[in-house]
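Hi,

Here is the structure I promised to pass along. Have a look at it first, and my notes follow right below.

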Amino acid sequence: MNVSKFIFILKRLRRQVLGEILFALPSRRKQRENGLSVFLFHDISPTPSEFSSDFNLNLTPADFRLTLERLSDEYNFVTADQILNGSPLPKNAALISFDDGFSGTFEYGLPILECMNIPSLIFLNFAPLVGSVLISAQALYLAKYSKNFNEYFPDKDMASAHLWITPNLLKKFVAESDCPENADILNYQGDFVDWNTVKSWDNHPLVKFGNHLYNHWNAPSLTEEEFATQLTLNNYKLGELDSYLPIFAFPNGRFTEKLQRQLKGLNIERCFTTIPKVNDILNTFTLNRFCLDYSTLTKGELKFALSKN
């Protein structure tokens, strides 16, 4: 066994042991009992795209089911309506959420949840549902494969291209440089659900939908007008769904206090981040989420991921 593999095994063992200890602490147990834990997933697929694999956005259906079974041992799942309406929640309340709209969420994730009678909330970007490229995938594809893109932005961190790219920067690059074909980017990002499939899940008692901007721009990088346009256009399109709620999730989890105030002015009633913490105050406007896009976690490692706060 080489040294790097030995260190990797030791780290996993450490997380397993610490996870069991931290999760069982009376203070953590009380926090879970009286609070709300929200879990975030992205893609559920046996054959993830290169984009999903690059950024650990995928769980296989088997791993997803196993994760749900382990969560079911510790939590009582609730609906987004219960949170939005301020209804009394059970002890150890938890909500399942998805971001973006990968096809695997609908092909594999929702049927598993339906079989287990677990409700979920899906935050959608409408643009990729009708064939447009996902902006974050486009930026990261260009950073990975386009020499022109790297040379055009020599002072930028290519690993975080999805965080600093703006509509004006992208428009200027496309106008002045050779840009890869959309087909190549779409192949990189993988399949997204189509609008008809989304509508087939409308009015399902276990499924609700929320806003994630029209396309997956990093909200703090947008102007106030750009942000309002992205949110309002997405709201208009998704408003055709009876199961759509005035709830928003920040793409990439990035936000500012100014954006939170702007959301309230745009009639959003709750917003979600990716800060891995239990929500102590259930009537707060901004709610935290644990990202659980981890494959083959042991029970101890899962508890470690849920004990970071």
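The lining of the largest cavity is made up of 5 nonpolar and 4 charged residues, with no polar ones. Keep in mind that this is a predicted model, so everything here is computed from it. The residues around that cavity are Phe23, Arg70, Leu71, Glu74, Tyr75, Lys299, Leu302, Lys303 and Leu306. Two elements, helix 4 (61-72) and helix 16 (299-305), give two or more residues each to this lining. Helix 16 gives the most, with 3 residues. The space inside comes to about 40 Å³, and the structure holds 3 cavities of 30 Å³ or more. In case you wonder how such spaces get found: rolling a probe the size of a water molecule over the atoms shows where empty space is left.

Next, the pockets. The largest pocket holds about 620 Å³ of space. It is lined by 27 residues, and those closest to its centre are His42, Phe55, Leu57, Cys291 and Asp293. The lining of this pocket divides into 12 nonpolar, 10 polar and 5 charged residues. At least two lining residues come from each of strand 5 (93-100), helix 8 (135-145) and helix 10 (161-164).

Cys291 brings me to the cysteines. How many disulfides does the structure hold? The count is 0. As a reminder, a disulfide is a covalent bond between the sulfur atoms of two cysteines. For Cys291, the closest cysteine sulfur is the one in Cys271, and it is 17 Å away, so the two are too far apart for a bond. Seen from the other end, the closest cysteine sulfur to Cys271 is that of Cys291, again at 17 Å. The surroundings of the two can be read from their accessibility: Cys271 is buried, with a relative accessible area of 0%, while Cys291 counts as partly exposed at 29%.

Now the inside of the protein. In soluble globular proteins, nonpolar side chains tend to be buried together. The largest nonpolar core here has 40 residues, and Phe39, Ile96 and Phe209 touch the most other members. Helix 6 (residues 103-116) gives the most to this core, with 4 residues. Apart from this core lies another one, of 25 residues, and Ala161, Leu231, Phe248 and Cys271 are among them.

Phe209 is a good residue to click on. Leaving out residues up to four places away in sequence, Phe209 touches Phe106, Leu121, Ile122, Leu124, Val198, Trp201, Asp202, Leu241, Ser243, Tyr244 and Leu245.

Leu40 is another one to look at. Leu40 is found in strand 1 (residues 36-41) and is buried, with a relative accessible area of 2%. The C-alpha atoms of Leu40 and Ile96 are separated by 6.4 Å, although the two residues are 56 apart along the chain. Beyond its neighbours within four places in sequence, Leu40 is in contact with Ser97, Phe98 and Asp99, with Thr274, and with Arg289, Phe290, Cys291, Leu292 and Asp293. Two of these contacts, Cys291 and Asp293, came up above among the residues closest to the centre of the largest pocket.

Which residues other than glycine have a positive phi? Asn92 is one of them, with phi near 55°, and Leu213 is another, at about 75°. Asn92 lies in the loop between helix 5 (80-84) and strand 5. Leu213 lies in the loop between strand 7 (207-211) and helix 14 (224-238). Is Asn92 buried or exposed? At 17% relative accessibility, Asn92 counts as buried, because the cut-off for that is under 20%. Leu213 is buried as well, with a relative accessible area of 0%.

One last residue: Gln262. Gln262 has its place in helix 15 (residues 257-265). Gln262 is buried, with a relative accessible area of 13%. Not counting neighbours within four places in sequence, Gln262 is in contact with Glu224, Phe227 and Ala228.

That is what I have so far. Enjoy looking around!

Terms used:
Residues numbered from 1 in each chain as written. Predicted model: local features only at pLDDT ≥ 70, side-chain atom pairs only at ≥ 80, totals over all residues. Heavy atoms only, no water. Buried < 20%, exposed > 50% of the residue type's maximum accessible area, 1.4 Å probe, protein only. Contact = heavy atoms within 4.5 Å. 1 Å grid on protein atoms, 1.4 Å probe; cavity = no way out; pocket = protein on both sides within 12 Å on 5 of 7 lines; lining within 4 Å. Points joined across faces, edges and corners; volume = space filled by probe spheres on them. Nonpolar A, V, L, I, M, F, W, Y, C, P; charged D, E, K, R; others polar. Disulfide = S-S within 2.5 Å. Core = buried A, V, L, I, M, F, W, Y, C linked by side-chain atoms within 4.5 Å.
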